[in-house]
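Hi,

Here is the structure I said I would pass on. Have a look at it first, and then read my notes below.

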Amino acid sequence: IELPPAPFEDEMLASTSYKQVRNAVADLPEPHRRAIFLAFYHGLTYREVAEALSIPEGTAKWRLRNALRRIGEQLKAEGFDDAGL
């Protein structure tokens with residue numbers, strides 16, 4: 001029988017995961033970081049990100065997709081495991 005993790009363990013895992021994601025975002029080039037900030041922290045759509053940054057919508061989509069790929073690669077290289085979250 002496996003016991004569920006204690007609340008303290010859950011908090012530690014979440015805190016560590018948050019730091020890994022935050023660091024991965026901070027390592028992005030500035031244009032990618034700005035797009036991620038607008039889309040994920042402010043909830044803007046591709047079109048709204050494009051308008052806010054005065055760039056074509058296709059460029060906004062590319063920056064966001066590229067940023068997410070980079071973040072994913074960095075987290076994977078660091079051994080990030082979201083299976084427990």
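Arg 33 comes out as partly exposed, because its relative accessibility is 26%. Its side chain meets that of Glu 30 in a salt bridge, at 2.4 Å from N to O. Glu 30 is also in the partly exposed class, with 40% relative accessibility. The two are 3 residues apart in helix 2, so about one helical turn separates them. Bear in mind throughout that this is a predicted model.

On confidence, the average pLDDT of the protein is 85, and 76% of the residues reach at least 70. If you go element by element, helix 1 (residues 7–26) has the lowest mean, 76, while helix 3 (residues 46–53) has the highest, 97.

Back to the charged pairs. The count of salt bridges comes to 4. One of them is within helix 4: Arg 69 and Glu 73 meet through their side chains at 2.9 Å, N to O. That pair sits 4 residues apart in the helix, so again the separation is about one helical turn. Both ends are partly exposed: Arg 69 has a relative accessible area of 41%, and Glu 73 is at 45%.

Which parts does the pair of Glu 57 and Arg 47 tie together? First the contact: their side chains form a salt bridge, 3.4 Å from N to O. Glu 57 belongs to helix 4 and Arg 47 to helix 3, so the bridge ties together parts that are 10 residues apart in sequence. Arg 47 counts as exposed, with 52% relative accessibility, whereas Glu 57 is partly exposed at 28%. There is a bit more to this spot, since Lys 61 joins Arg 47 and Glu 57 in a network of salt bridges.

The loop between helix 3 and helix 4 is worth a click too, as it holds Ser 54. The phi of Ser 54 is near 55 degrees, which is a positive value in a residue other than glycine. Is Ser 54 buried or exposed? It is exposed, with a relative accessible area of 69%.

Helix 4 itself (residues 57–77) passes a simple length check. At 1.5 Å a residue, its 21 residues should span 30 Å, and the C-alpha atoms at its ends are 30 Å apart, so the two agree. Its buried residues are Ala 60, Arg 63, Leu 64, Asn 66, Ala 67, Ile 71 and Leu 75. You will spot Arg 63 and Asn 66 in that buried list, alongside residues such as Leu 64 and Ile 71. After the helix comes Gly 79, with a positive phi near 80 degrees.

Last, the surface. Where is there a nonpolar patch? Phe 37, Phe 40, Tyr 41 and Leu 68 make one up, and together they have about 450 Å² of accessible area. Helix 2 (residues 30–41) gives the largest share of the patch, 3 residues. Phe 40 is in that helix, and it counts as exposed because its relative accessible area is 53%, with the cut-off for exposed being over 50%.

If you open just a few views, I would pick the network of Arg 47, Glu 57 and Lys 61, Ser 54 with its positive phi, and the patch around Phe 37, Phe 40, Tyr 41 and Leu 68.

Cheers

Definitions and conventions
Residues are numbered from 1 along each chain as its sequence is written. Side-chain values use heavy atoms; hydrogens and water are left out. Patches are made of residues with over 30% relative accessible area and no salt bridge: like charges are joined within 9 Å, nonpolar side chains (Val, Leu, Ile, Met, Phe, Trp, Tyr) within 5 Å. Accessible areas come from the Shrake-Rupley method with a 1.4 Å probe; for residues, only the protein chains shown count as cover. Buried means under 20% relative accessible area, exposed over 50%, partly exposed in between (1.4 Å probe, protein chains only). The expected span of a helix is 1.5 Å times one less than its number of residues. pLDDT is the predictor's confidence in each residue, from 0 to 100.
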